[in-house]
Amino acid sequence: MDLKHSRSVKLNDGNLMPVLGFGTFASKEIPKSKAAEATKVAIDVGFRHIDAAYFYQNEEEVGQALRDKMADGTVKREDLFYTTKIWITFLRPELVRQCLERSLKKLGLDYVDLCIIHIPIAMKPGEELLPKDANGKFIFDTVDIRDTWEALEKCKDAGLSKSIGVSNFNHKQLELILNKPRLKYKPTCNQVECHPYLNQSKLLEFCKSKDIVLVAYSALGSHRDSSWVSSDSPYLLEDPVLMTIAKKHNQTPGQVALRYQLQRGVVVLAKSFNEKRIKENFQVKAQDHLSRMRHRGIFLQMGVPAIHSSRCLASECHRHMASVCLRRQQRKYRVKGWVLLPLH
């Protein structure tokens, strides 16, 4: 099965991106070997879009999984869509290619399908992923993100990445790139946290107007890092609305949350290292009956106007919870008084 025969979206550079991807980020307590095992399972069940990053520090294991599945004949290289990211300590233009080449070496690949700027803020170059001074404060760097983008364009021209994009950009940061003099390539995508509690509706509208694909990470709920998420914050997958919809259609809340994104034209990343859930997450592709769901009564109970069924799950549900999550995101990424993540 090659990409042109899978469910994919055409990017603004003509390349194809599968609409459902597998995320490989893992917290420190999870052994890196689990990333390899989960990636193999994901490929076996049908995932062809694999999302990773230099920052995740497991590309060697993920790369081995890719090579193993190519060696056993499960997939060919052209069947896969692999994403990596330029980390914030490599945003100086002279370091961008170095970061990408490090990822390629760990992966054992000649090219990636997509390379994106991980976060639009620079930190001090070096081997530390999150450099801090003697007082424990982060050490930032001064870099014009437009120069970083130009260096990424050169990586595309060199054949190291077929497509290039960004992550965690708001619309003003996107405009910096789009309005850049002598812009050669537009960002093909913008990968951001996006789920029913943080639906990014205005950012999605902006991206669509610029032919930029929005890619949703944490689509099954925010990463529950105790350093910034309170223990009593709600679990998305335990939300009564999602659970009601899931029960009615004999689906899991996770499958409903993923379908929510697909119906609104968002490419969605599903992350799990549990074999059963990996299989369940991929099954959402084949469940077309979910796109015909009508939940007028449910959405009215939440104070949300009923709309056409094809857009039902894409309505702006749980506005009050979205506000709560926005405030948490602001605390997570607030640096020197300004917020890095897209807040609309």
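Visitor: How many helices and strands does the protein have?

Guide: This predicted model has 11 helices and 12 strands. Helices are DSSP runs (H or I) of at least four residues, strands are runs (E) of at least two, and both are numbered from the N terminus. Residues are numbered from 1 along each chain as its sequence is written. As the model is predicted, local features need pLDDT of at least 70 and side-chain atom pairs count only at pLDDT 80 or more, while totals for chains, interfaces and linings use all residues; side-chain values use heavy atoms, with hydrogens and water left out.

Visitor: What pLDDT does the protein average, and where does pLDDT stay under 50?

Guide: pLDDT is the predictor's confidence in each residue, from 0 to 100. The protein averages 84, and 80% of the residues score at least 70. Over residues 288-344, however, pLDDT stays under 50.

Visitor: Which residues of helix H7 are called buried?

Guide: Buried means under 20% relative accessible area, exposed over 50%, and partly exposed in between (1.4 Å probe, protein chains only). In H7, residues 240-248, the term applies to Val241, Leu242, Ile245 and Ala246.

Visitor: What puts these residues on the same side of H7?

Guide: They lie on the same side because their arc around the axis is only 130°; the arc is that of the directions from the helix axis to the C-beta atoms. In an α-helix there are 3.6 residues a turn, so residues three or four places apart point the same way.

Visitor: Which residues are exposed on the other side of H7?

Guide: Pro240, Lys247 and Lys248 are exposed there.

Terms used:
Contact = heavy atoms within 4.5 Å.
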